[in-house]
Amino acid sequence: MSKANLIVHPFIQHKLTIMRKKETPPAIFRALLQEISFLMGYEVTRDLPTEDVEIETPVAKTSKPKLVGRKMCIHSILRAGDGLMKGLLELIPTAKVGHVGLYRNPDDLHAVEYYFKAPPNLDERFNLVVDPMLATGNSAIAALDRIKQAGAKNITFMCLLSAPEGIEALSDAHPDVPIYTAAIDEKLNEKSYIVPGLGDAGDRIFGTL
Ligand code: URA
C-alpha cells in the first residue's frame with residue numbers, strides 16, 4: 001500500500017494531463033500548476049485546527065469556527081517549488097513563506113545548502129513543504145532535515161507528481177511527515193526523471209529548456 005495520500009479529482013487529473021504534454025508552453029504550464037496547487041492546497045489543509053468564537057451577524061449572536069494558532073508557513077524547495085506558491089498563496093493569503101535552496105555536491109552527492117530563509121517560531125506553525133516533483137526523494141529529505149533543524153515539528157509534504165522510489169525514501173527518512181501527491185507514476189529512469197512524468201519541472205515552469 002502506498003505511503004502517500006493521492007489527491008484524485010477530475011479537474012486536477014485533467015489539468016495534469018495537459019501539463020504532461022511536451023508541447024504545452026511555459027505560460028500554460030505555469031497557469032495550470034497555479035490552479036492545481038490551489039486545489040491541492042484545499043485538500044492538504046483540511047485538518048487545520050479551528051476554535052469556535054462568538055460573533056454577531058446582522059440577525060443574531062452565534063458561535064462559529066475560526067482558524068487558531070500561528071499562521072502556517074509554506075516552504076518552497078527552490079527553484080521548482082516556487083511554481084506552486086502563487087496558487088497556494090491565493091488560497092491562504094496570510095501564510096508565511098520559507099525558501100530552501102540545496103544542490104548536490106557531485107563528488108560526494110551530499111546536499112549543500114545555498115539558501116535558507118524561514119519565519120520564526122516554526123515549532124508553533126503548520127509547515128507545508130512543496131516541490132512539484134518527488135523523484136529520488138533526496139532533495140525533499142534534505143529540505144525536511146533542514147526545516148526540522150530550524151524547529152519545525154508539524155510538517156506536511158506536497159508534490160504534484162511522484163515516483164514510488166521517492167515516496168519510499170521520503171517516508172523511510174521522515175515517517176512523521178504525511179505526503180500528498182496528485183499522481184504516482186511508474187518509475188524513475190536512469191537519469192532519475194519520473195516516467196512518464198512531465199520532464200524537468202523547473203525548466204518547464206521557467207522556460208529554460
Ligand atoms: N525533477 C524534475 O523536474 N523532473 C523529474 O522527472 C524528476 C525530478
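Colleague: How many helices and strands are there in the protein?

Modeller: Six helices and 12 strands, counted as DSSP runs numbered from the N terminus (helices: H or I, at least four residues; strands: E, at least two). This is a predicted model, so local features need pLDDT of at least 70 and side-chain atom pairs 80 or more, while totals for chains, interfaces and linings use all residues. Residues are numbered from 1 along each chain as its sequence is written, and side-chain values use heavy atoms, without hydrogens and water.

Colleague: What makes the protein as compact as a globular protein of that length?

Modeller: Its radius of gyration, taken over C-alpha atoms, is 18 Å. The globule rule (2.2 Å times the number of residues to the power 0.38) gives 17 Å for 209 residues. The two values are close, so the protein is as compact as a globular protein of that length. The C-alpha trace spans about 65 × 35 × 35 Å along its principal axes.

Colleague: Which residues are around the ligand?

Modeller: Met133, Ala135, Ser192, Tyr193, Ile194, Gly199, Asp200 and Ala201. Each counts as near because one of its heavy atoms lies within 4 Å of the ligand. By class, five are nonpolar, two polar and one charged. Asp counts as charged, Gly as polar, and Met, Ala, Tyr and Ile as nonpolar.

Colleague: Why is the pair between the ligand and Ile194 called a polar contact?

Modeller: The term needs a pair of N or O atoms within 3.5 Å. A ligand oxygen is 2.8 Å from a polar backbone atom of Ile194, so the pair qualifies. At Gly199, a polar backbone atom is 2.8 Å from a ligand nitrogen. At Ala201, a backbone N or O atom is 2.7 Å from a ligand oxygen. The protein covers 82% of the 240 Å² of accessible area (Shrake-Rupley, 1.4 Å probe) that the ligand has on its own.

Colleague: Which peptide bonds are cis?

Modeller: Leu78 to Arg79 is one, with omega near 0 degrees. Val195 to Pro196 is another, with omega about 0 degrees. Arg79 lies in the loop between β4 (73-77) and α3 (85-91). Pro196 lies in the loop between β12 (194-195) and α6 (201-206).

Colleague: What phi does Asn121 have?

Modeller: A positive one, about 60 degrees, although Asn121 is not a glycine. Most residues other than glycine have a negative phi. Asn121 is in the loop between β6 (111-117) and β7 (126-130).

Methods:
Polar contact = N/O pair within 3.5 Å; in protein donor to acceptor, adjacent residues only side chain to side chain.
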